[in-house]
Structure formats: structure tokens, C-alpha cells
Amino acid sequence: MKFIHAADIHLDSPFAGLTDAAAAPVERLKGCTRQALTAVVDYALENAIDFVVIAGDLYDGDWRDYTTGLFFVKEMGRLARARIPVYLLYGNHDAESRITKGLVLPENVFVFPAKAPHTHVIRDLKVALHGQSFATAVVTDNLARAYPQARAGHFNIGVLHTSATGRAGHAPYAPCQPAELVAKGYDYWALGHVHAREVLQEFPHIVFAGNLQGRNIRETGAKGFTVVTVAEHKVIDVEAVAADVVRWARLVLAAGSCTDLEALWAQARADLAEAVRRADGRLLIVRPVLTGRTALHGWLKEHPDTLAAELRAAASAVSADLWIEQVVVETETRHDLAAAARRPDAVGALLQAADGLLAEPAAHAALEAELAEVIAKLPDDVRHQAYPGGRLAADALAALIDEAKVVIAGRLLDDPGEA
């Protein structure tokens, strides 16, 4: 027996943060959650899958129109014609209270009710599935506590949308302890809600399948579903299968060994090419993170637009299936600024003057007033995004002065090879 465990499909979920970028691959992003679901159905049809389990958040929320539901019905119809049943549980995003539209689902789709845990038995396979959908978007009770004990003589599967013991970035819904799940005597727990695939325990297996398609830079790496193989009522294999159409990645670009900009661009092209290779032909959306102590630090901080444009140009040269989402500079200056401030020259004098701005109240107040005038002239949306409350934070001036010192040291002591 083989079954698919999928979760967190978030069908027709929007991709936030890219639509404003003129050259972003917005059209290629549209519909990728649908394509990922189609990949699940294709796999089921091609690999003699006995049934499919969806552990919550099939939908991202209430449908914008009926096309979302019609697409799901169409894909389930393909499984129905192959006599492959689907066991569907609703989570916090598609809880009963959130979905106002609906369509009659094909007869092969069984939906776990939200009032109480329910057990569904597949008689010919001697499988018992236990689950409870979310009635509302916010469920803080331990739902697993009310799940029944394992049914004797059956392969028991628990289907649960849960944060388990808590996971960063996920609301603490339907919390529970792995020991509680083990105590039910089930052979496999199909969990949803957490978007990173994770095996909490083996024998019995307690598995977060992760989401089917990454939707932002917080959801990096391969995404997909889990295929479980069972023999004589025992799990003998648990395999992660990729279904994502678009892949997200944070790419650490070590700039410490780059002595000039040409070396940096060459390193970027090599690293981006390797990232594309690992994406296996998918559209890859990358956030390069530049790290290391480097003579280029001041230039990188001072020329963010040029840096981003150069890296996007490098990406275009590497592959048509590559997009730079955002560039993050986490490099450090190679200079000891305290030592540089003691130099008996213009560099030392400038750095000492910068430190003096904080030590001298009058100079401090004058600089804050000048910066306030500049901030006030910014467009409202830019001002409030960059400066919460529309003004410079109390401790922000010291950070700005530190950045200025780095720029001073970079301009006067480094040669970044900016030709």
C-alpha cells in the first residue's frame, strides 16, 4: 500500500513582495500553486497510489471567485476516475468559518468534520483515518487529546493540523506533544500547518509534510509532499517528493576573498550557476546575502542600487530561470576603526570628528535637526516605511554615524576596483 501525505497547498495564494518589481517574473509565478497540486495528482496516477491525505490549508482563505474551487474539483475528478480516494482536512486558512463559497466535491473526496474527531475506515485496505477539521481560523485547544485510540487490526493514520510543540513563524494552533500522539497507538501521523518538512519521530512516524509550493523567501528549498509505503501494516518507507514549480533560496555570497568588484561579480556568477543547477530546472528566486570582512564593504553599503543591478545582470547571464529577489549586505569592514581614528592624518581627524558628533550635545542636536528636515521631505510612504512614525528613532543617529565612519574608511583607505 502507498499513500500520499500533502498539506498546506494554499491554492491560489498570492505572491507578496514581487509584483512591484518591473522585471520580476510575475506571470511565471501565477498559477504555480495550481501546478504544484497537479504534480501531486500526476504522481498519484502514475505510481499506483492507493489514496491521498491532505492535512489542512488546501485553500489560502476565502475564494476570490469560483475558479479556485473549480480547479480543485477538476483535479479531484482525475483521481476519481482512477478510483483514488482523497481524505481532506481543513486547517486555519480554510476553516469552516472562513470559507463562504463552496462547490459539491466529487464522491472520492471525504472531508473530516469540524465538530469532533471522526474515524473513516477503508475496508479493503484495513486502514483507519482519524481527523478533525478546524471550525474557526483560531484553534488553541489540543484537538489531538480527543482523538480515539487506534482501531485494532487496522493501519491507523492520524490527520491533524497543528503547531505541535510550537514552530517559529507559525501560530500556536492545536498544540500538542509528540508523546500524546504516540500514546494514541497510531502507525502514522500526517501533520499540517508547519511549512518546513520535518519528521518529528520515526516508528511511529510523525511527519510535517511541509507546504507544496514555497511562496516567499521564508519558504526556501525543495517543497512537496510525502509518499508513505506500508507493508503488513508497518511503514517501510517515507519519501519526500518535490512538487514545487518555483523555488526560493537564500544564497550566501562570501565576499571576504574578493579583492575587487570584478572578483565579486565572478564569484556571484559561479555561485548563482550552482544554485540554478540545484534547482533542477525550476524557476529560482534568490536572495543573495553578502558576507565576510572585505575591502569592498564601504562600496557595497554606499551603492546598493548598483550592486543589485550588477547581480541581476549576472543572474540574467547565468539563466533565464533565475531572479534576484533582494540583495542583503552583511559584510564587515576589514579596518579597525578605533585604530584608524588614532592616525595622525586626515583619516584619523575625520573619524575623530564623527565620534565627536555624539559626544558634543550641540553638534548632536544640530545633526538630528538636519536629518529631520531631510526625512520630512521624503514621500509619505517612503518616510513611514524607512522611519516608523515618520521620524528618526532615538538610537538611530549613532548607527548612522557608525555607517558613515565605514564609508569614510572605505573611500580613503580602500580601492574597490570600481572601473
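This is a short tour of salt bridges, nonpolar cores and one buried glutamate in a predicted model.

**Stop 1: a salt bridge at the surface**

There are 17 salt bridges to find in this structure. Start by selecting Lys30 and Glu27, whose closest N and O atoms are 3.1 Å apart in a salt bridge. Are these two buried or exposed? Lys30 has 53% relative accessibility, so it counts as exposed. Glu27 is exposed as well, with a relative accessible area of 58%.

**Stop 2: salt bridges out of sight**

Now move to Asp244 and show its side chain together with that of Arg247; the two meet in a salt bridge, 2.9 Å from N to O. Here the setting is buried: Arg247 has a relative accessible area of 9%, and Asp244 has a relative accessibility of 4%.

Keep Asp244 selected and add Arg282. These two also form a salt bridge, with their closest N and O atoms 2.9 Å apart. This pair links distant parts of the chain, 38 residues apart: Arg282 sits in the loop between α5 (261-278) and β14 (283-291), while Asp244 sits in the loop between β12 (234-242) and β13 (246-254). Both Arg282 and Asp244 are buried.

Before leaving the charged side chains, select Asp42, Lys74, Glu75 and Arg78, which are joined into one network by salt bridges that share partners.

**Stop 3: the nonpolar cores**

Next, colour Phe3, Phe51, Leu129, Ile157 and Leu160. Within the largest nonpolar core, which has 38 residues, these touch the most other members. To see where this core comes from, highlight the strands β2 (51-55), β3 (86-89), β6 (127-131), β7 (155-161), β8 (188-192), β10 (205-208) and β11 (224-231); each supplies at least two of its residues.

Zoom in on Leu129. Leaving aside residues up to four places away in sequence, its contacts include Phe51, Val53, Tyr87, Phe112, Ile157 and Val159, and also His118, Thr119, His120 and Ile122.

Apart from the largest core lies another, of 31 residues; to locate it, select Leu37, Leu58, Ile84 and Val227, which are among its members.

**Stop 4: Glu219**

Finish in the loop between β10 and β11, where you will find Glu219. At 7% relative accessibility, Glu219 counts as buried. What does its side chain reach at 2.8 Å? Display the backbone here: the partner is the backbone nitrogen of Arg215. Then show the surroundings of Glu219, which touches His195, Asn211, Gln213, Gly214 and Trp248, not counting residues up to four places away in sequence.

Definitions and conventions
Residues are numbered from 1 along each chain as its sequence is written. This is a predicted model: local features need pLDDT of at least 70, side-chain atom pairs count only at pLDDT 80 or more; totals for chains, interfaces and linings use all residues. Side-chain values use heavy atoms; hydrogens and water are left out. A salt bridge is a side-chain nitrogen of Lys or Arg within 4 Å of a carboxyl oxygen of Asp or Glu. Buried means under 20% relative accessible area, exposed over 50%, partly exposed in between (1.4 Å probe, protein chains only). Helices (H or I, at least four residues) and strands (E, at least two) are DSSP runs, numbered from the N terminus. A nonpolar core is a set of buried Ala, Val, Leu, Ile, Met, Phe, Trp, Tyr and Cys residues joined through side-chain atoms within 4.5 Å. Contact means heavy atoms within 4.5 Å. A polar contact is a pair of N or O atoms within 3.5 Å; within protein, one must be able to donate a hydrogen and the other to accept it, and residues adjacent in sequence count only if both atoms are side-chain atoms.
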